[in-house]
There are 2 protein chains.
Amino acid sequence: MAAPEGLFVLEGRPTAQLIADQLREQIVQGTFRPGQQINESAVAAQLRTSRGPLREALQRLCQEGLLISHRNRGVFVLELSTADIKEIYAVREAVELAASNTLMDAGQDQINDTCRVLKEIIRDMAKHVAVSDWQAIARLDMQFHSTFVAGTGNTRLIRIYETLAAESRMCILSLEVAYPRLDVLVQEHQNLLDLLEAGDRKGLQQAVKRHLEKAVEDLTVARLDTEITA
Amino acid sequence: MAAPEGLFVLEGRPTAQLIADQLREQIVQGTFRPGQQINESAVAAQLRTSRGPLREALQRLCQEGLLISHRNRGVFVLELSTADIKEIYAVREAVELAASNTLMDAGQDQINDTCRVLKEIIRDMAKHVAVSDWQAIARLDMQFHSTFVAGTGNTRLIRIYETLAAESRMCILSLEVAYPRLDVLVQEHQNLLDLLEAGDRKGLQQAVKRHLEKAVEDLTVARLDTEITA
DNA sequence: GAACTGTAAATTGTCAACAATCGGCGATGC
DNA sequence: GCATCGCCGATTGTTGACAATTTACAGTTC
């Protein structure tokens, strides 16, 4: 088939996508702050490229909604309001519930494959919980959910969820310390995994719903605090 | 507030987005055929612009998934397989079911506003059914569903559905005459509207599900025919 | 002192030229 | 006859320069 032994297709993906992926990572890691303007010349120089390819990448991220473009003024990193948080998690609920159903209808092999990866993520998560590495935990949290959705094999659902995951990480990042009680977090994900493995469709759906509703609560409450103190 | 009397913000939207919107319309109308390569120079000249802004627009459509980019070879219009059709309608089901729930939980005013627009669309649809204007019917069909989703007010759900609507129109277009029994089509949409107006959550959900499942059946069966005859 | 106007710097939007890459086609060798 | 190599046209990828617009600031006027 493809790539027989140690040979990779050289730079198979388009440049703009590579740049967009890098920028997305920088955004969710907080290198670019919400509301901040992206200076094309500066970022292009930093990435050792010219403004052309960079602008193409920026357009991709605008389409995703991570950046917003004001004509003749430039592109800015999205600022998340409480309404945005509710929107994001409402869509996540829709996607993850659909993924739950699809996975349950899929073969046991497909479920097992997914569960195997999810187990490893939870293991990693537990490690980082031990040392309270928030950034890593946020990344693994979203990786868990992304893997879950990826288990469906639906490329469109996966692509949609990629953006949602990025936005979710921005939510979490925007309030620095958002995770209340870290051990509960690991426990909740373990619970989702168990229900998936057991094939408990109804239970899984309810657990997903509650997991996300709880997240919205934590995020909006924390945000109210920051808004009041600010 | 904004635009007090007859004054509009001059060209408020970014250029790349305007070009992308035009191209998307051309794609779903079949001006660009599936699998066809987009010649940058030619299209840029046709749009009275240069390759720079055009390429930015193309990147947006690549991100959406309507175009696919092969490095150093160019961008091509998406070719829809039966697997794609199933994917698209699976995501549509997820989105529309979520929209149903959100709308039902929303206030009666919001529902009424939506229903008013939906009624007009159905009226238009009936007109075009009388003269069997397929293109118009396909457009109104998706406009009905887009309006339904837009009723939730969730901007992210709306943006996601925009792409799905475009892809759906491509599905329908790709097999020329896809609508079996036009009167039934109008009837089905009227049924959805009635259930929404009546506040019958369960009934609406089931109707949406069956409506989409039926569409997939029609599309995949029709596609099998074309593939056999081809 | 406040409001308005005009200028200047910085940044984005656009363009045209250059470089790199790919697919096709004919020539060559086996 | 078939496969391979190498060239050529066409198209994309990239760059730097130029034009247009916005924002901030200083100067002016009332």
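**Close-up 1. The largest nonpolar core of this predicted model and its best-connected leucines.** This core holds 134 residues. A:Leu67, A:Leu196, B:Leu67 and B:Leu196 are the members that touch the most others. Zoom in on A:Leu67 and, setting aside neighbours within four places in sequence, you'll find A:Leu58, A:Leu61 and A:Cys62 in contact with this leucine. A:Val75, A:Phe76, A:Val77 and A:Leu78 touch A:Leu67 too, and A:Ile27 and A:Ile38 complete its list of contacts.

**Close-up 2. The protein surface around DNA strand C.** There are 17 residues around this strand, and the nearest come from both chains: A:Arg51 and A:Arg55 from one, B:Thr15, B:Ser50 and B:Arg73 from the other. Sorted by class, the surface has seven charged, eight polar and two nonpolar residues. Strand S1 (37–38) and helix H3 (51–64) of chain A each supply at least two of its residues, and so does helix H3 (51–64) of chain B. What share of the atoms of DNA strand C within 4 Å of the protein belongs to sugar or phosphate? That's 76%, with the rest belonging to bases.

**Close-up 3. Polar atom pairs on DNA strand C.** Chain A shows up here through its backbone: a polar backbone atom of A:Glu40 sits 3.4 Å from a phosphate oxygen of DNA strand C. On chain B, look at two side chains. B:Asn72 places a polar side-chain atom 3.3 Å from a sugar or linking oxygen of the strand. For B:Arg73, a side-chain N or O atom is 3.5 Å from a phosphate oxygen; B:Arg73 is also one of the residues that come nearest to DNA strand C.

**Close-up 4. The protein surface around DNA strand D.** Again, 17 residues surround the strand, and A:Ser50, A:Arg73, B:Ile38, B:Arg51 and B:Arg55 come nearest. Of the strand's atoms that come within 4 Å of the protein, sugar and phosphate make up 73%. The class split for this surface is nine polar, six charged and two nonpolar residues. H3(A) is the top contributor, giving three residues.

**Close-up 5. Phosphate oxygens of DNA strand D and their polar partners.** Chain A offers two side chains: a polar atom of A:Thr49 lies 3.1 Å from a phosphate oxygen, while an N or O atom of A:Arg73 is 3.2 Å from one. From chain B, a backbone N or O atom of B:Ile38 lies 2.9 Å from a phosphate oxygen. Stepping back to whole elements, H3 of chain A plus strand S1 (37–38) and H3 of chain B give two or more residues each to the surface near DNA strand D.

Terms used. Residues numbered from 1 in each chain as written. Chains lettered and ligands numbered in written order. Predicted model: local features only at pLDDT ≥ 70, side-chain atom pairs only at ≥ 80, totals over all residues. Heavy atoms only, no water. Near = heavy atom within 4 Å. Polar contact = N/O pair within 3.5 Å; in protein donor to acceptor, adjacent residues only side chain to side chain. Helix = DSSP H or I, 4+ residues; strand = E, 2+ residues; numbered from the N terminus. Nonpolar A, V, L, I, M, F, W, Y, C, P; charged D, E, K, R; others polar. Core = buried A, V, L, I, M, F, W, Y, C linked by side-chain atoms within 4.5 Å. Buried < 20%, exposed > 50% of the residue type's maximum accessible area, 1.4 Å probe, protein only. Contact = heavy atoms within 4.5 Å.
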